[in-house]
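Welcome to this short tour. Please open your viewer, get ready to select residues by number, and follow along stop by stop.

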Amino acid sequence: MELVLREKSEERDNFWFQMPVHYPRYSKKDYEEMPEWQLDRLLAQYGLLVTGDLNSKRSFAIGAFLWA
C-alpha cells in the first residue's frame, strides 16, 4: 500500500502525506503558549497549512485538536 501511494504522489509533484499515528495531546494552555514554529510544524504534520498571524494559528489548532 505504501509503495502505491508513493508512486501516485510522485505524479503530483512529489507530494507525500502520511497521517501521524497519534493525535496531539496538548492542553489549551499548551497551545496558547506554543511558539509559532512549533504550531506550524504540528499543523504541517497533519497536512494543515494555516495562514495568518500567531493568534489565528493558535485558535485554529485549539479548534481542530481539542474537543472539550
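## Stop one: a surface pair

Start by selecting Lys-29, which is exposed, with a relative accessible area of 52%. Exposed here means over 50% relative accessible area, buried means under 20%, and partly exposed is in between, using a 1.4 Å probe and protein chains only.

Before you go on, a word on what you are looking at. This is a predicted model, with residues numbered from 1 along each chain as its sequence is written. Local features need pLDDT of at least 70 and side-chain atom pairs count only at pLDDT 80 or more, while totals for chains, interfaces and linings use all residues; side-chain values use heavy atoms, leaving out hydrogens and water.

Now add Glu-33 to your selection. Glu-33 is exposed too, at 55% relative accessible area. The side chains of Lys-29 and Glu-33 meet in a salt bridge, at 4.0 Å from N to O. A salt bridge is a side-chain nitrogen of Lys or Arg within 4 Å of a carboxyl oxygen of Asp or Glu. How far apart are Glu-33 and Lys-29 along helix 2? They are four residues apart in helix 2 (residues 28-33), so about one helical turn separates them.

## Stop two: the whole chain

Zoom out and colour by secondary structure. You should find four helices and zero strands, in the order α-α-α-α along the sequence. Helices (H or I, at least four residues) and strands (E, at least two) are DSSP runs, numbered from the N terminus.

Of the 68 residues of the protein, 19% count as buried. Turn on the surface: its accessible area comes to about 5,600 Å², and 54% of that belongs to carbon and sulfur atoms. Such areas come from the Shrake-Rupley method with a 1.4 Å probe; for residues, only the protein chains shown count as cover.

## Stop three: Lys-57 and its partners

Select Lys-57 in helix 4 (residues 54-65). Is Lys-57 buried or exposed? It counts as buried, because its relative accessibility is 8%.

Next, show Glu-36. Glu-36 forms a salt bridge with Lys-57, with the closest N and O atoms 2.9 Å apart. This pair links distant parts of the chain: Glu-36 sits in helix 3 (residues 36-45) and Lys-57 in helix 4, 21 residues apart. Glu-36 is partly exposed, at 34% relative accessible area.

Then add Asp-40. Lys-57 forms a salt bridge with Asp-40 as well, the closest N and O atoms being 2.9 Å apart. Here too, distant parts of the chain are linked, with Lys-57 in helix 4 and Asp-40 in helix 3, 17 residues apart. Asp-40 is partly exposed, with a relative accessible area of 30%.

Keep Glu-36, Asp-40 and Lys-57 on screen together: they are linked in a network of salt bridges. The count for the protein comes to three salt bridges.

Now display what surrounds Lys-57. Leaving aside neighbours within four places in sequence, Lys-57 is in contact (heavy atoms within 4.5 Å) with residues including Leu-39, Leu-43, Val-50 and Gly-52.

## Stop four: Leu-42

Finish by selecting Leu-42, found in helix 3. Leu-42 counts as buried, at 7% relative accessibility. Which residues does Leu-42 touch, not counting those up to four places away in sequence? Show Pro-24, Tyr-26, Tyr-31, Met-34 and Phe-65 to see them. You can also draw a distance from Leu-42 to Pro-24: they are 18 residues apart in sequence and 8.3 Å apart in space, C-alpha to C-alpha.
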